[in-house]
Structure formats: structure tokens, C-alpha cells
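Biologist: I am new to this structure. Please give me a close look at one part, the space inside and what lines it. Then work outward from there.

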Amino acid sequence: MSGPPFRTAIITGAAGGLGREYARLLAQKGWCLSVVDIDPAGLDETCDIVRAAGGKSQPHQLDVTDPDQWQTLRTTLQRDWPKLDLLINSAGVSYSGAFETMELSAWRRVLSVNLDGTMLGCRTMAPWLIENPDSGNIINTASFAAIAQSPYMAAYNVSKSAVLALSESLYTELKPRVHVTVVCPWFFQSGLLEKGRADAEWLARIADHLVEISPITAVDVARDAIRAMEKRKLHALVTRRGRRMWRIKRFAPQAFLNLVGRQFANLRKKMEDQ
């Protein structure tokens, strides 16, 4: 491609929710995007949004848990792009249910999409990002669940805790060649619950309630993550409350988890009484 240098990014989970907002914000900055998801119809809608915002995009239907599909994506993009500036791992699924009755298939699906999907993206694209003369970037999407460890969310908590640990590991290993940012938002409206599963009605009600009362949106999360990347920060915790709770967890972990447990028990009673 001729003309002035352009910035490039791969965004997974881009058919809606947070991934789509990443695409919208980067398009407004003139980025050239590869929008990735298993949902082709949603990808087409995202591409329309990218064009309307002034960016360029290529849709790629991809299962983030398939290493061969990741390699094919890299080979395809390297034919068109001279460099890769940014990888955003945003694809994810949710699950809530009692640990002792959870189906093994549910555990494996959550870990496969949330953790393995993120790992495979980083593993496949890191060598290309390292070659970037201007320094490449990675944004991984964890969750405040990686910090709060709420009950009845073991699989999701573990997957997002692992994404946080992976991101921190890569931050130290790839620096200064590639900068890594990990975003840990609280509940927000993203479409994640639509792709997830709750094994009890009261659990689904709790999740819906926490989304409804959340003061943050997908736009807020995407904007804060991009801002953190631009400022070369490792953690993007999105809200003051998130940053405050993170500090409490670090200095008084058991007291923090006791508080989480009490708050969850109160929410459960409220939802079951409805």
C-alpha cells in the first residue's frame, strides 16, 4: 500500500460489544483494522461502523481457540501490511454456576476461549510485533473478576486471573520491544452475558443487575485501555472504584474476599426473593 505510514491492529471479539468499540475508536484515529470473530454477520456490521468512522477494516472469521486459523490470519495480513502495531484480545465467554456441579465441558470452554484464545493470539503475533520498528503493542482483556474472585464464577475467575498473569509475564518478557496492557473492568454492557451461561436463574439475575447498575460502558473500557496503552501503562482498571478495590485486595486479601462473599450473599438473597 502506498501513501503515508498507517497503523494496523487486529481485534478479536469484534462482532459486537467491547471489541466493536475498540474498532470504532481506532477507526476514528485512522487505523487500518483486521476485525476478527466467529460471527460473520456481526463482523460486517462492525466493518460498516469502521468505514463510517473513517477507518479501514478487513473482516476475518476466526475461532480464537484454533492455532492453525491464527497462523493463517497472520500469513494473510502479512501480504497486505508492512507491520503490525497492535493486537487486541477481546474475545470471551462468561459462565456462572456452582463449582461442585459444573460440567467439565463448561470449564474447558471458558478456559479455552478466554485463556487459550488470548495466549494463541499473543503467541502467533508476538514475533511480528517484535519486528515493528516503532514498537508493537498488545491489549489483553481480563476482568475485575481476576481480582474479586466472586463465588459461583470459578471458571471465569480462573480464566481471567490467568489472562492477567499471562499479561504481566509478557510485560516483563517482551519489554521494551512490545508493550503489554491488560484491562480489568467491572461489569458493563458488552453482550458478554448473551454469549455466556448461568446455571441458575438467580445467578443470571445477579449478572443482569450488576450490568444494569454499572456506571461504565464498553466505550469507557475501550477508551481507558487505549489511553493506558498510549501512556505505556500495564494495568487499566477503568474506574476509581476499581483502583481502590485493587489496592484493598493487595493489602488485605482475606478481608477483601470476606467482603466480596458478604456482598454476594446479600445480592443472592435479594434476587431469590424477587
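**The cavity and beyond**

Modeller: Start with the walls of the largest cavity: the lining residues divide into 4 nonpolar, 5 polar and no charged. Keep in mind that this is a predicted model. Rolling a probe the size of a water molecule over the atoms shows where empty space is left. Here there is 1 cavity of 30 Å³ or more. Its volume is about 30 Å³.

Now name the walls. Thr-12, Val-64, Trp-70, Asn-89, Ser-90, Ala-91, Val-113, Gly-117 and Thr-118 line this cavity. Val-64, Trp-70, Ala-91 and Val-113 belong to the nonpolar class. Thr-12, Asn-89, Ser-90, Gly-117 and Thr-118 belong to the polar class. Which helix gives the most to the lining? Helix H4, residues 104-130, does, with 3 residues. Val-113, Gly-117 and Thr-118 fall within that stretch.

Follow helix H4 to another of its residues. Trp-107 lies in H4 too. Its relative accessibility is 24%, so Trp-107 counts as partly exposed. Across the chain, the C-alpha atoms of Trp-107 and Ala-155 are separated by 5.6 Å, though the two residues are 48 apart in sequence. A smaller loop of sequence is seen elsewhere: Ala-145 and Asn-157 are 12 residues apart along the chain, and their C-alpha atoms are separated by 5.2 Å. Ala-145 belongs to helix H5, residues 145-148. At 8% relative accessibility, under the 20% limit, Ala-145 counts as buried.

Trp-107 also has an aromatic partner. The structure has 2 aromatic pairs. One of them joins Phe-99 and Trp-107. Their ring centres lie 6.3 Å apart, with 75 degrees between the planes. Planes over 60 degrees apart count as edge-to-face, so this pair is edge-to-face. Is Phe-99 buried or exposed? Phe-99 reaches 55% relative accessibility, and over 50% counts as exposed, so Phe-99 is exposed.

The cavity lining has no charged residues, so look elsewhere for charges. There are 7 salt bridges in the structure. One of them is between Arg-20 and Glu-45, at 3.3 Å from N to O. Arg-20 sits in helix H1, residues 17-28, and Glu-45 in helix H2, residues 40-52, so this bridge ties together parts that are 25 residues apart in sequence. Arg-20 is buried, at 14% relative accessible area. Glu-45 is partly exposed, at 46%.

Stay on helix H1 for another bridge. Glu-21 pairs with Arg-24, with their closest N and O atoms 3.0 Å apart. The two are 3 residues apart in H1, so about one helical turn separates them. Glu-21 is buried, at 11% relative accessibility. Arg-24 is partly exposed, at 27%. Another bridge links Lys-83 and Asp-85, whose closest N and O atoms are 2.7 Å apart. Both Lys-83 and Asp-85 are buried.

Last, turn to a space of another kind. The second largest pocket holds about 220 Å³ of space. Its lining is made of Asp-224, Arg-227, Ala-228, Lys-231, Lys-233, His-235, Ala-236, Leu-237, Val-238 and Arg-243. By class, that gives 4 nonpolar, 1 polar and 5 charged residues. The charged ones are Asp-224, Arg-227, Lys-231, Lys-233 and Arg-243. His-235 is counted as polar.

Which elements each supply at least two residues of this pocket lining? Helix H9, residues 218-230, and strand S9, residues 235-236, do. H9 gives the largest share, 3 residues. Asp-224, Arg-227 and Ala-228 fall in the H9 stretch. His-235 and Ala-236 are the S9 part.

Further along the chain, a charge meets a ring. The charged end of Arg-250 sits over the ring of Trp-246, 5.0 Å from the ring centre.

To recap, the cavity lining has no charged residues, while the lining of the second largest pocket has 5. Helix H4 gives the most to the cavity lining. Helix H9 gives the largest share of the pocket lining.

Conventions. Residues are numbered from 1 along each chain as its sequence is written. This is a predicted model: local features need pLDDT of at least 70, side-chain atom pairs count only at pLDDT 80 or more; totals for chains, interfaces and linings use all residues. Side-chain values use heavy atoms; hydrogens and water are left out. On a 1 Å grid over the protein atoms alone, a cavity is a set of points where a 1.4 Å probe fits but cannot get out, and a pocket is an open set with protein on both sides within 12 Å along at least five of seven lines; lining residues have an atom within 4 Å of a point. Grid points are joined across faces, edges and corners, and a volume is the space filled by probe spheres set on the points. Helices (H or I, at least four residues) and strands (E, at least two) are DSSP runs, numbered from the N terminus. Rings of Phe, Tyr and Trp (its six-membered ring) pair if their centres lie within 6.5 Å; planes under 30 degrees apart count as stacked, over 60 as edge-to-face and the rest as tilted. Buried means under 20% relative accessible area, exposed over 50%, partly exposed in between (1.4 Å probe, protein chains only). A charge sits over a ring if NZ of Lys or CZ of Arg is within 6 Å of the ring centre and within 35 degrees of the ring normal. A salt bridge is a side-chain nitrogen of Lys or Arg within 4 Å of a carboxyl oxygen of Asp or Glu.
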